Amino acid sequence: MEKSKTNVRCVEFVEGYGEWHVRVVEEDNEYTRSFEIESFALAYAEGQRRRLALADFTRI
C-alpha cells in the first residue's frame, strides 16, 4: 500500500527561551529558524506566509 502524499503547508510562530522561532511546513519538508529579535521573526513568518499563499500564520 502506497502512502498518499498530503499537501500540508503552514507557518507557525512561537516564543521560547528568549528567542522567537518560525516553523515552516510545506509538503514533505519542515524547517525551523530562530531569531533573537521578534520583529525579524515576524517579518520572516509573514514572508513565508506570502510565499506559500496562506491566509495567516499561527502564533503558538
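Okay, let me start at an odd spot: just after helix 1, A53 takes a positive phi of about 60 degrees. Keep in mind that this is a predicted model, so everything I mention today is computed from predicted coordinates.

Let me back up and give you the layout. The chain has one helix and four strands, and reading from the N terminus the order is β-β-β-α-β. Of the 60 residues in the chain, 30% are buried. As for contacts, take those between residues at least 6 apart in sequence: 30% of them join residues at least 24 apart.

Now the helix. Does the length of helix 1 agree or disagree with what 14 residues should span? At 1.5 Å a residue we should get 20 Å, and the end C-alpha atoms are indeed 20 Å apart, so the two agree.

Which residues of helix 1 are buried? Those are A41, Y44, A45, Q48 and R49. Looking down the axis of helix 1, these buried residues fall within an arc of 140 degrees, so they line one face of the helix. That fits the usual rule: an α-helix has 3.6 residues a turn, so residues three or four places apart point the same way. On the face turned away from the buried side, helix 1 carries the exposed residues A43 and R50. And what covers the buried residues? The cover includes strand 1, strand 2 and strand 3, which is 29-35.

Staying in the helix for a moment, there's a salt bridge between the side chains of R49 and E46, at 2.6 Å from N to O. Both residues lie in helix 1, residues 38-51, and they are three residues apart, about one turn of the helix. R49 is on our buried list, with a relative accessible area of 15%, while E46 counts as partly exposed at 24%.

That's one of five salt bridges found in a search of the whole structure. The other ones I want to show you involve R23. The side chains of R23 and E12 meet at 2.6 Å, N to O. R23 sits in strand 2, residues 19-26, and E12 in strand 1, residues 9-16, so this pair ties together parts that are 11 residues apart in sequence. R23 also forms a salt bridge with E30, where the closest N and O atoms are 3.1 Å apart. Put those together and you have E12, R23 and E30 linked in a network of salt bridges.

How buried or exposed are the members of that network? E12 counts as buried, at 18% relative accessibility. R23 is partly exposed, at 26%. E30 is exposed, with a relative accessible area of 51%. For E30, the cut-off for exposed is over 50%, so 51% puts E30 on the exposed side of that line.

On to the aromatics. How many aromatic pairs does the structure hold? The count is two. As a reminder, a pair of rings is described by the distance of the centres and the angle of the planes. For F35 and Y44, the ring centres are 5.5 Å apart and the planes are at 45 degrees, so this pair is tilted. Both partners are tucked in: F35 is buried, with a relative accessible area of 11%, and Y44 counts as buried at 17%. There's also a charge at Y44, since the charged end of R33 sits over the ring of Y44, 4.9 Å from its centre.

Last stop is E38. You'll find E38 in helix 1, and it is partly exposed, with a relative accessible area of 34%. Which residues does E38 touch, leaving out those up to four places away in sequence? They are F13, W20 and R59. And for a sense of how the chain comes back on itself here, E38 and E15 are 23 residues apart along the chain, yet their C-alpha atoms are separated by 8.5 Å.

So, to wrap up: a β-β-β-α-β order, a helix whose buried residues line one face, a salt-bridge network of E12, R23 and E30, and a tilted pair of F35 and Y44 with R33 over the ring of Y44. Happy to pull any of these up on the screen.

How values were computed
Residues are numbered from 1 along each chain as its sequence is written. This is a predicted model: local features need pLDDT of at least 70, side-chain atom pairs count only at pLDDT 80 or more; totals for chains, interfaces and linings use all residues. Side-chain values use heavy atoms; hydrogens and water are left out. A salt bridge is a side-chain nitrogen of Lys or Arg within 4 Å of a carboxyl oxygen of Asp or Glu. Helices (H or I, at least four residues) and strands (E, at least two) are DSSP runs, numbered from the N terminus. Buried means under 20% relative accessible area, exposed over 50%, partly exposed in between (1.4 Å probe, protein chains only). The expected span of a helix is 1.5 Å times one less than its number of residues. The arc is that of the directions from the helix axis to the C-beta atoms. Contact means heavy atoms within 4.5 Å. Rings of Phe, Tyr and Trp (its six-membered ring) pair if their centres lie within 6.5 Å; planes under 30 degrees apart count as stacked, over 60 as edge-to-face and the rest as tilted. A charge sits over a ring if NZ of Lys or CZ of Arg is within 6 Å of the ring centre and within 35 degrees of the ring normal.
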